[in-house]
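Visitor: I'd like to learn how to read a structure like this one. Could you walk me through it, feature by feature?

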Amino acid sequence: MNVGKNSGSRPELEPEAGDEKKEQAEKNPDGAMPVKAENAGDSAPSAPLPGGRQADGRILLHLANLHCVACALDLEDEIRKIRGVGDVRVDFITQTILLTAETDDAVRKAIRTANRFEKVRVLDGDLAVAPKETHGKEIAQIAVAAALALPALVLSLAVPGRAALIVSRILFAAAYLVVGCSVLIATLKNVVKGRIFDENFLMTVASIGAVCLGEWGEGVAVMLLYQLGELLQSIAVGSSRRSVSRLMELKSESATLLENGESRTVRPGELRVGDIVLIKAGERVPADGILLDERALLDTKSLTGESEPREAKREEEILSGCINAGGVFRLKIVRAYENSAVRKILDLVENSSVQKAAPEKFIAKFARYYTPAVCILAVLVAVAVPVLSGLVAGGGYAAYFRRWIQSALNFLVISCPCALVISVPLTYFSGVGCCARKGILVKGAAYLDVAAKIRTVAFDKTGTLTEGRFSVSGTVPAAGCDRRKLLEVAAAAERGAAHPIAGAFEEISVAAAAYVTEIAGKGISARVGGQQALVGSAAFLAEEGVASEVSDSVWTQVCVALDGRYLGRVEIGDRLRPEAGEAIGELRALGIERIVMLTGDGNTRAESIAAEAGISETYSGLLPDEKLERAQELRQEGPLMYIGDGINDAPVMAAADCSVSMGTLGSAAAVEASDLVLVSDRLTAIPECIRIARRTRRIVAQNIAFSIAMKTVFLAFGAAGCLPLWLAVFGDVGVMLLAVLNSMRVRTGGKKDVRQRRNKAGA
């Protein structure tokens, strides 16, 4: 995967730490990051930072025990106040902190702040994974509380007498303390710190209010149902987190390095370009490399989503994350681990929450104002409405106090926005993870949102619709020039050029030219054997005053001149990708009627490839600036997706609403400019991505509409006095769980799509 070093949204982390980190892990078995003591002076030795500093100054910290959306927002606010900390994002779904800091000291202060926040802990280690949660303590508390509350409920309802009442209240109080003690403590701590409008506070006020009204059973039911909901929420969210965190399994824990005839085990982060590694059967490829043996059988399912094993041949590039499904083979590392495909995949998924979709931004703002607004409304219901009722209907404030206090408590319970603030980002997170498992890297939820709206798709030709592996199909020497001389001049000028056509001359043994100048979309000017050579299009030679001879051909024609003398032309061939026609057909099945090809190639060859792929609209002979103009025209008719692979595609990608680059063959500039990256260059991943994006957006819309509608209904019934407090809690928890479970459908919907496509193929 050709990703450049300056990948802005996905910068490299520093190499993994050595034995020092291992020693720290042994001293900190819980995974928490050790930091300097609060009173340590500046001269004290500094512990190494976890995660690693990224190229643009950002630090990615992994957390454990971040179970509350409101807590994530509060922690973000606290860290933002630290001097030296710039932009900061705390993500509840991925349990990460992404921040920019001027100094390491500012980062350490942020770590201390996080470690002191609730039960949150900063994990030590690069791309750390939080310990698996067992929920044993929570289950035990709920079970004990339920065991105490059930006989208390029977006594209060079925057994008359003061003794039964006293015993029932003692049991209710014990049940309340067992299940609600952690909530009460969290509420007290948060109030002291000035954090009031969170779910702990709401449930504390609602349950204590019910007890004060004499409804001991309702008070316990509120806390019991709330804790049960939190447990189920944690299990559901944890399931989604784990489904995406399985991508971490792409990373190898070790590699067998071959040196001086001996082998030793090293970590992938220690591998360098040029190292030779041995890949045993069943092992993952630790870093991108070139196969040194005759063949290798690879399982690429975890990387590209393709279940069938793929055979690689000698000198073919193999991406990290693939599993050796055959015999032992050797690999020569071509990219260090920090620049490898696996690392880029993990970085993109880890950082996907940075680019938030519009619904996510809306929900984040909505949650900040919604809860305080409903709390204020609850106060008005408890205070103002009884007063007005007493003035209008008579009887005074006390006559209506109990009735409207209950409605106010209902308002507090219902005001918890968990269903929205959890399910919406969780849905996008699941969508990004689902794409990653299919070999599609999405740089953020915002781009997934745009992909769902696409109505026009434009393809580059060379290296995108075609395989991008060129070969010499024929030569047409000019009079007085032999074929060998023609090929040698062309090969010398093209050697080392960035354009894909240069690969057609790799097998021709010749010295590289000097003073090479590449003019994008036109050709190459160079010194070959002390003479000025021109290699490129007929129009390029004409601009330099050299007349050439070309004819209509399905092949790409490269004209060659030496010292102003035309030598002839070389015809270069490139085949259509075998899955291109299927991808175009699937795009049309998704309702995308306008599919266009934009290419700098000649009209005859462009029309031939377009017809073979099933594309009816083609624009050929375009220079890079003309491609950009045509793309801007297409955008005026609706959201545009552009798929390309070359350096000259980068401007068009930047201008498109959604851009896709070919990860294996694509240039670093194209990968950097794109919003989506196809790991395996498989074009059928594009309609797959659009399907996932549309399903994600549809589920987000369902969750928003369902949650707001149900909140409105509950508020109305609560205000009317038709809703018991325990039922309000049950309804709120139920809405949240249904929204979370609905968001998990993103992960399973793809299986249905695959079955439908197979059924169509069978029919």
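**Reading the model**

Guide: Let's start with a single residue: Asp563 is partly exposed, with a relative accessible area of 46%. Buried means under 20% relative accessible area, exposed over 50%, and partly exposed in between, using a 1.4 Å probe and protein chains only. Before we go on, note that this is a predicted model, in which local features need pLDDT of at least 70, side-chain atom pairs count only at pLDDT 80 or more, and totals for chains, interfaces and linings use all residues. Residues are numbered from 1 along each chain as its sequence is written, and side-chain values use heavy atoms, with hydrogens and water left out.

Visitor: Where does Asp563 lie?

Guide: Asp563 lies in the loop between β20 (556-562) and β21 (565-573). Helices (H or I, at least four residues) and strands (E, at least two) are DSSP runs, numbered from the N terminus. Asp563 also has a positive phi of about 50° although it is not a glycine. Glu315 is another residue other than glycine with a positive phi, near 70°. Glu315 sits in the loop between β10 (310-313) and β11 (317-318), and at 63% relative accessibility it counts as exposed.

Visitor: How many helices and strands are there in the protein?

Guide: There are 24 helices and 26 strands. Of the 763 residues, 53% count as buried.

Visitor: How do I read a sheet?

Guide: The general idea is that strands of a sheet pair through backbone hydrogen bonds, either parallel or antiparallel. Here, two strands pair if DSSP finds at least two bridges between them. Now the case: 4 strands form an open sheet in the order β2-β3-β1-β4, with antiparallel pairing. β2 and β4 (121-123) stand at the edges, each with a single partner strand, so one side of each is left without a neighbour in the sheet. The twist averages 30° from one strand to the next.

Visitor: Which residues stand opposite each other in β3?

Guide: Follow Ile97. Its bridge partner in strand β1 (residues 58-64) is Leu61, while Val90 of strand β2 (residues 85-91) also stands opposite Ile97. There are 5 bridges between β1 and β3, and 5 bridges between β2 and β3. On the other side, 3 bridges join β1 to β4, with Ala64 partnered by Arg121.

Visitor: Is β3 largely enclosed or open, and why?

Guide: Count its buried residues: 5 of the 6 residues of strand β3 (residues 96-101) are buried, so the strand is largely enclosed by the rest of the structure. Helix α3 (residues 104-115) lies across β1, β2, β3 and β4, running at about 150° to β3. Axes are lines fitted to C-alpha atoms, for helices over the stretch in contact, and angles run from 0 to 180 degrees between N-to-C directions. Contact means heavy atoms within 4.5 Å.

Visitor: What about a nonpolar core?

Guide: In soluble globular proteins, nonpolar side chains tend to be buried together. A nonpolar core is a set of buried Ala, Val, Leu, Ile, Met, Phe, Trp, Tyr and Cys residues joined through side-chain atoms within 4.5 Å. The largest one in this model has 128 residues, and those with the most contacts inside it include Ile97, Leu99 and Phe459. Its largest share, 12 residues, comes from α12. A second, separate core of 26 residues includes Phe470, Cys481, Ile501 and Val558.

Visitor: Where is Val558 found, and what does it touch?

Guide: Val558 is found in strand β20 and counts as buried at 5% relative accessibility. Leaving out residues up to four places away in sequence, Val558 touches several residues, among them Glu494, Ile501, Val535 and Gly568. Gly568 is 10 residues from Val558 in sequence and 8.6 Å away in space, C-alpha to C-alpha.

Visitor: How do I read two helices packed together?

Guide: Look at the angle and the axis separation. Helix α12 (residues 418-437) and helix α23 (residues 725-743) pack at about 5°, with axes 8 Å apart. Angles under 35 degrees count as roughly parallel, over 145 as roughly antiparallel, 65 to 115 as roughly perpendicular and the rest as oblique, and α12 and α23 are therefore roughly parallel to each other. Residues making the contact include Ile422 and Leu426 of α12 and Met736 and Val740 of α23.

Visitor: And what is buried alongside them?

Guide: Try Asn703 in helix α22 (residues 685-719). Asn703 is buried, with a relative accessible area of 1%. Among the residues Asn703 touches are Ser423, Thr427, Ala739 and Ser743.
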